[in-house]
Amino acid sequence: QGYEGLVEGGDNIKQANWLSVSNIIQLGGTVIGSARCKAFTTRAGRLRAARNLVEHGITNLCVIGGDGSLTGADIFRSEWAGLLDELVQDGQISEQVARENCRLNIVGLVGSIDNDFCGTDMTIGTDSALHRIMEVIDAITTTAQSHQRTFVLEVMGRHCGYLALVSGLASGADWLFIPESPPEDGWEDLMCERLGE
């Protein structure tokens, strides 16, 4: 459950084995769970997460997520030594355990369907999202043609129009709105004229 599982610990932290990962390759990556975690945004929450990691002898993390997840990982890494010191002072771990777990290694992978991160051709999740969008477009195009109707499809992409642009190009959409290029005045008449054609 993402950082929520890290903070809560217990059964949320378990070793992956052949049985637990069998038959999930065809599922989306969020099969392992994902959750926004307010507790992790606080030092107290990160202290609990550090305690849970040390308890399991985990000093390597692979964080897959967007801006919030990766920012949280960077903060966690920068605080790691201080968190361990605090756990020692509170008597929750010994100094030896702190020394054995003194370094936290983090690998960050951008998991964002928006494909809005520089330095990579395509972020994790974008291809799957485009695949699903095209499946939906294929399904509703037949209905639109049958009923001679115009359909409006909204896709995700808070500040990034990549999904809308690429799926619009792939499907031959007649009109497209993307946040990077807001419509100019009079767009309504232009759109109606285009659809009328």
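Colleague: Is E86 buried, partly exposed or exposed?
Modeller: In this predicted model, E86 has a relative accessibility of 27%. Buried means under 20% and exposed means over 50%. The value for E86 lies between these limits, so E86 counts as partly exposed.

Colleague: Which residue meets the side chain of E86 in a salt bridge at 3.2 Å, N to O?
Modeller: Side chains of opposite charge can pair when their charged atoms come close. E86 belongs to helix 4 (residues 67-89), and its partner belongs to helix 3, 43 residues apart along the chain. The partner has a relative accessible area of 34%, so it is partly exposed. The residue that meets E86 is R43.

Colleague: Which residues are linked with R43 and E86 in a network of salt bridges?
Modeller: R43 and E86 form a salt bridge with each other. They also belong to a network of salt bridges. The other members of this network are R46 and E79.

Colleague: How many residues apart are E8 and R48?
Modeller: The side chains of E8 and R48 meet in a salt bridge (3.5 Å, N to O). This pair links distant parts of the chain, with E8 in helix 1 (residues 2-8) and R48 in helix 3 (residues 43-55). Their separation is 40 residues.

Colleague: Is D189 buried or exposed?
Modeller: D189 is found in helix 8 (residues 187-196) and is one of the residues forming a negative surface patch. Its relative accessibility is 61%, and the limit for exposed is over 50%. D189 therefore counts as exposed.

Note on methods:
Residues are numbered from 1 along each chain as its sequence is written. This is a predicted model: local features need pLDDT of at least 70, side-chain atom pairs count only at pLDDT 80 or more; totals for chains, interfaces and linings use all residues. Side-chain values use heavy atoms; hydrogens and water are left out. Patches are made of residues with over 30% relative accessible area and no salt bridge: like charges are joined within 9 Å, nonpolar side chains (Val, Leu, Ile, Met, Phe, Trp, Tyr) within 5 Å. Accessible areas come from the Shrake-Rupley method with a 1.4 Å probe; for residues, only the protein chains shown count as cover. A salt bridge is a side-chain nitrogen of Lys or Arg within 4 Å of a carboxyl oxygen of Asp or Glu. Lys and Arg count as positive and Asp and Glu as negative; His and the chain ends are not counted. The place of a charge is taken as NZ of Lys, CZ of Arg, CG of Asp or CD of Glu. Helices (H or I, at least four residues) and strands (E, at least two) are DSSP runs, numbered from the N terminus. Buried means under 20% relative accessible area, exposed over 50%, partly exposed in between (1.4 Å probe, protein chains only).
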